[in-house]
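Work through the exercises below with the sequence and coordinates open. Each task is followed by a solution in steps.

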Amino acid sequence: MNLAFAAGSGYGKSWGAQAVTEKNLHNYGRVLVLDYKGEFRGLVSKDHGPAPCKHWIAGPREQQFGAAEWRQLLEANEKLVLERHQQQTTNDEWRQICAKAIAVARQLGDVLIVIDEAHFVAPQTGKVPDAIKGLATTGRGEGVSSIWVTQRPSELEETVWGNCQARILGGFNSDNDLKKIKGVVEYPEEVHKPGGNPLPALHDDLLADGEPVSLRKRTTVADDGTERVSNSEWVYSDNDGDVERFWSSDRWSPECDHVGSAGKKIEI
């Protein structure tokens, strides 16, 4: 399966994506997480849980790896979070690293590949390496599944977006992202405009406590003023016609903490 996992910034996407990844760790012989900005460190640190995955930071040295080096790394680490070196690796360089790692992982089979900030790895504009695009188009035949995590569906390569057979979508404030969603779902995309806003009649599976309203989220404010999402609503849909609305806390109860930064509040 190819799964699109998407929501706008500040909606709880990174926590949810980590929770779904953790839930599927034992369903595949191998799991490779391509971590753009250190959002999946909770899976590798014993300070935040059982640390089911190994951790590797990819920078200038890994840019020179060939297929043999990637095979050795992936065979030695069945559950691996491969994190981009944020100071020494550009987006283009990261895309090439991902392409090489994906190409080898696809050869190993029975693997789940999680692509964080997928709109940088498979952008709408510019050339996407064949190994990355092929993951979305022919990966299933190789025993490979993928999760494409993004906060900007409008910037994700159309072939990748269109070949996701299932979607977990949260809230978006961008009209461009809502338009992209409209092209793949069979329900009103306005459901994904967050805020619990009243909507026209919705299918029963999309009602919130019996009411036709858009997705909702709950937040808490820490002592330092940082606002964090404590719970959020999502919609699962797939190409078989299944649709379900749910709260993240009802669906996911991960063992590993999410340790990604939420950023500091700006006073005005």
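## Exercise 1: the largest cavity

Task: describe the space in the largest cavity and its lining.

Step 1. The largest cavity holds about 50 Å³ of space. A cavity is a set of points on a 1 Å grid over the protein atoms alone where a 1.4 Å probe fits but cannot get out, and lining residues have an atom within 4 Å of a point. Grid points are joined across faces, edges and corners, and the volume is the space filled by probe spheres set on the points.

Step 2. The model is predicted: local features need pLDDT of at least 70 and side-chain atom pairs count only at pLDDT 80 or more, while totals for chains, interfaces and linings use all residues. Residues are numbered from 1 along each chain as its sequence is written, and side-chain values use heavy atoms, with hydrogens and water left out.

Step 3. A search of the whole structure returns one cavity of 30 Å³ or more.

Step 4. The lining consists of Arg30, Val31, Leu32, Leu74, Asn77, Glu78, Leu80, Ala105, Leu108 and Val111. Strand 2 (30-35) and helix 4 (91-108) are the elements that give two or more residues to this lining; helices (H or I, at least four residues) and strands (E, at least two) are DSSP runs numbered from the N terminus. Strand 2 contributes the most, with three residues.

Step 5. By class, the lining of the largest cavity has seven nonpolar, one polar and two charged residues. Here Ala, Val, Leu, Ile, Met, Phe, Trp, Tyr, Cys and Pro count as nonpolar, Asp, Glu, Lys and Arg as charged, and the others, Gly among them, as polar.

## Exercise 2: the second largest pocket

Task: state which residues lie nearest the centre of the second largest pocket and which element gives the largest share of its lining.

Step 1. The second largest pocket contains about 290 Å³ of space. A pocket is an open set of points with protein on both sides within 12 Å along at least five of seven lines.

Step 2. Its lining has 15 residues, and Met1, Leu3, Val20, Asn24 and Ile168 lie nearest the centre. Helix 1 (13-23) and strand 6 (144-150) are the elements that give two or more residues to that lining.

Step 3. Strand 6 supplies the largest share, three residues. The lining divides into nine nonpolar, three polar and three charged residues.

## Exercise 3: strand 1 and helix 1

Task: find how strand 1 is paired and how many of its residues are buried.

Step 1. Strand 1 (residues 2-6) is largely enclosed by the rest of the structure, because five of its five residues are buried (under 20% relative accessible area with a 1.4 Å probe, protein chains only; exposed is over 50%, partly exposed in between).

Step 2. In a regular strand the side chains alternate between the two faces of the sheet. In strand 1, Asn2, Ala4 and Ala6 point one way, and Leu3 and Phe5 the other way.

Step 3. Strand 1 runs parallel to strand 6, joined by five bridges, and alanine 6 has threonine 150 as its bridge partner there. Two strands pair if DSSP finds at least two bridges between them.

Step 4. Strand 1 also pairs with strand 7 (residues 166-169) in the parallel sense, over four bridges. In strand 7, alanine 166 stands opposite leucine 3.

Step 5. Helix 1 has nine of its eleven residues buried, so this helix too is largely enclosed by the rest of the structure. Its buried residues are covered by elements including strand 1, strand 2, strand 5 (111-115), strand 6 and strand 9 (227-238).

## Exercise 4: three single residues

Task: decide whether threonine 89, arginine 95 and glycine 49 are buried or exposed, and list their contacts.

Step 1. Threonine 89 is in the loop between strand 4 (79-84) and helix 4. Its relative accessibility is 5%, so threonine 89 counts as buried. Not counting residues up to four places away in sequence, threonine 89 touches Ala58, Gly59, Gln63, Arg84, Trp94 and Ile97 (contact means heavy atoms within 4.5 Å). A polar atom of its side chain lies 3.4 Å from the backbone oxygen of alanine 58.

Step 2. Arginine 95 belongs to helix 4. With a relative accessible area of 11%, arginine 95 is buried. Beyond residues up to four places away in sequence, arginine 95 touches Phe120, Val121, Pro123, Lys127, Pro129 and Ile132.

Step 3. Glycine 49 sits in the loop between strand 2 and strand 3 (54-58). Its relative accessible area is 25%, so glycine 49 is partly exposed. Leaving aside neighbours within four places in sequence, glycine 49 is in contact with Glu255 and Cys256.

Note on methods. Polar contact = N/O pair within 3.5 Å; in protein donor to acceptor, adjacent residues only side chain to side chain.
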